[in-house]
Amino acid sequence: MKILIDTSPLDTGHAIRGIGTYTRLLVEHLEKEADITIVRSGTKKAENFKPDIVHYPYFDLFFDTLPLLKKTPTIVTIHDVIPLVFADKYPAGIRGKAKLIKQKSSLRNVKAVITDSESSKEDIQKHLGVAADKIKVVYLAASPHLKAADEKEIRRVKRSYKLPKNYILYVGDINYNKNIPQLIKTARYLPQNVKLVCLGKSFIEQDIPEWHWIKTQLALSDVENKVKFIADVPGGADADMAAIYSGAICYVQPSFYEGFGLPVLEAMQCKTPVVSTQNSSLVEVASDQAIYVKEDAESIVQGVNQVLGWSKTKRQQKIRAAFAWSQKFNWQKTAQETIDIYKKVLND
């Protein structure tokens, strides 16, 4: 099989986001398979390459990321349609709505849609009108380079990033569905010696509603001195990321909604307990290996307090079980299931 993969997300701002991680790790693992030829778009090899399938690993609802006319059988990955689930919080505007109509039309003649979870599959059916039998669920996995760090590494990153001695951790963006204001409010109820660390490229001063919500909540809850933002962990700094996860009391996923929730698996792989809201794909990803809470700050902190109350033995038991669960997700499996979809498309 000859597959052309659109790797353009690796040349844009998406390179350090989930889209970029997915594209990079998927391509790396597909390239290791003997019975398949993978060529990346924009390379010299791609110039005269005649693929059996073109795979777009990214779909934007409001921009032209998928051509209407397709000379070659086409597969597209749609990670989630969260802006359509919370349409009132993600106003598309006139141009955005026009692009959405075009993108929906482009989906009609794709051979298959890959998505990250059963939850996203239902959303794609409902909001984009794609038939259920055309949508294939392929779970993601944490980067194999993220591993539990030892105490020396944890001390190193705490010095390097000026982390508090005791902290709970959030990793991700600040979009509405992430529920960051309630996470910020959580800091108000944490024990005096425990702080909140929020890590992600968007945790910087900026003139957008989401940041204004954060600033307002910091002031309302009077927790400026209990919350630390980190926006500058370099892309690909796996050792730093692993140690930041490993040094946390627990990882908190406070979202109203997730298409997958990769940091949950990353935390488990780094042997850090997870406190998560119980909705959307998060129950698929975390199974029974997370402490589930509601979306309000008071409920989230109750989950954190459960972790704080564990004995050392119980903590070890919990993180061992969650680590074992996280290993059921791996990129070899993701790549193989993707190849199976390629084969089915070619044989149909």
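Mentor: Before we speak of helix packing, note that axes are lines fitted to C-alpha atoms, for helices over the stretch in contact, and that angles run from 0 to 180 degrees between N-to-C directions. The model before us is predicted, and with that in mind we can take helix 5 and helix 8 (residues 238-246), which pack at an angle of about 100° with their axes 9 Å apart.

Trainee: Why are helix 5 and helix 8 called roughly perpendicular to each other?

Mentor: Angles of 65 to 115 degrees count as roughly perpendicular, and the angle of helix 5 with helix 8 is about 100°, so the two helices are roughly perpendicular to each other.

Trainee: How do you know that helix 5 and helix 8 meet, and which residues are involved?

Mentor: Contact means heavy atoms within 4.5 Å, and by that criterion Glu153, Ile154, Arg156 and Val157 in helix 5 meet Ala239, Asp240, Ala243, Ile244 and Ser246 in helix 8. By class, this contact of helix 5 with helix 8 has five nonpolar, one polar and three charged residues.

Trainee: What makes helix 1 roughly perpendicular to helix 13?

Mentor: Helix 1 (residues 18-30) and helix 13 (residues 331-347) pack at an angle of about 75°, with their axes 9 Å apart; the range for roughly perpendicular is 65 to 115 degrees, and therefore helix 1 is roughly perpendicular to helix 13. On the helix 1 side the contact uses Tyr22, Leu25, Leu26, His29 and Leu30, and among their partners in helix 13 are Trp331, Ile339 and Tyr342. The residues of the contact of helix 1 with helix 13 divide into eight nonpolar, four polar and no charged.

Trainee: Why are strand 2 and strand 6 placed at the edges of their sheet?

Mentor: That open sheet of six strands has the order 2-1-3-4-5-6, with parallel pairing. Strand 2 (37-40) and strand 6 (135-137) each have a single partner strand, so one side of each is left without a neighbour in the sheet. Neighbouring strands of this sheet are turned by 25° against each other on average, direction ignored.

Trainee: How do you know that strand 3 and strand 4 pair?

Mentor: Two strands pair if DSSP finds at least two bridges between them, and strand 3 (residues 53-56) and strand 4 (residues 74-77) have three bridges, in the parallel sense. The bridge partner of Tyr56 in strand 4, for instance, is Val76.

Trainee: Which strands stand at the edges of the sheet ordered 9-8-7-10-11-12?

Mentor: In that open sheet of six strands, again with parallel pairing, the edges are strand 9 (227-230) and strand 12 (291-293), each of which has a single partner strand, so one side of each is left without a neighbour in the sheet. The twist averages 25° from one strand to the next.

Trainee: What makes strand 11 and strand 12 a pair?

Mentor: The threshold is at least two bridges, and three bridges join strand 11 (residues 274-277) to strand 12, the two running parallel. One of the residues concerned is Val275, whose bridge partner in strand 12 is Ile291. Helix 9 (residues 262-269) packs on the sheet, where it touches strand 7, strand 10 and strand 11, and its direction makes about 170° with that of strand 10.

Trainee: Which helix gives the largest share of the lining of the second largest pocket?

Mentor: Helix 12 does, with four residues. The second largest pocket has a volume of about 460 Å³, and of the 21 residues that line the pocket, the closest to its centre are Glu151, Ser246, Gly247, Ala248 and Arg315.

Key:
Residues numbered from 1 in each chain as written. Predicted model: local features only at pLDDT ≥ 70, side-chain atom pairs only at ≥ 80, totals over all residues. Heavy atoms only, no water. 1 Å grid on protein atoms, 1.4 Å probe; cavity = no way out; pocket = protein on both sides within 12 Å on 5 of 7 lines; lining within 4 Å. Points joined across faces, edges and corners; volume = space filled by probe spheres on them. Parallel < 35°, antiparallel > 145°, perpendicular 65-115°, else oblique. Nonpolar A, V, L, I, M, F, W, Y, C, P; charged D, E, K, R; others polar.
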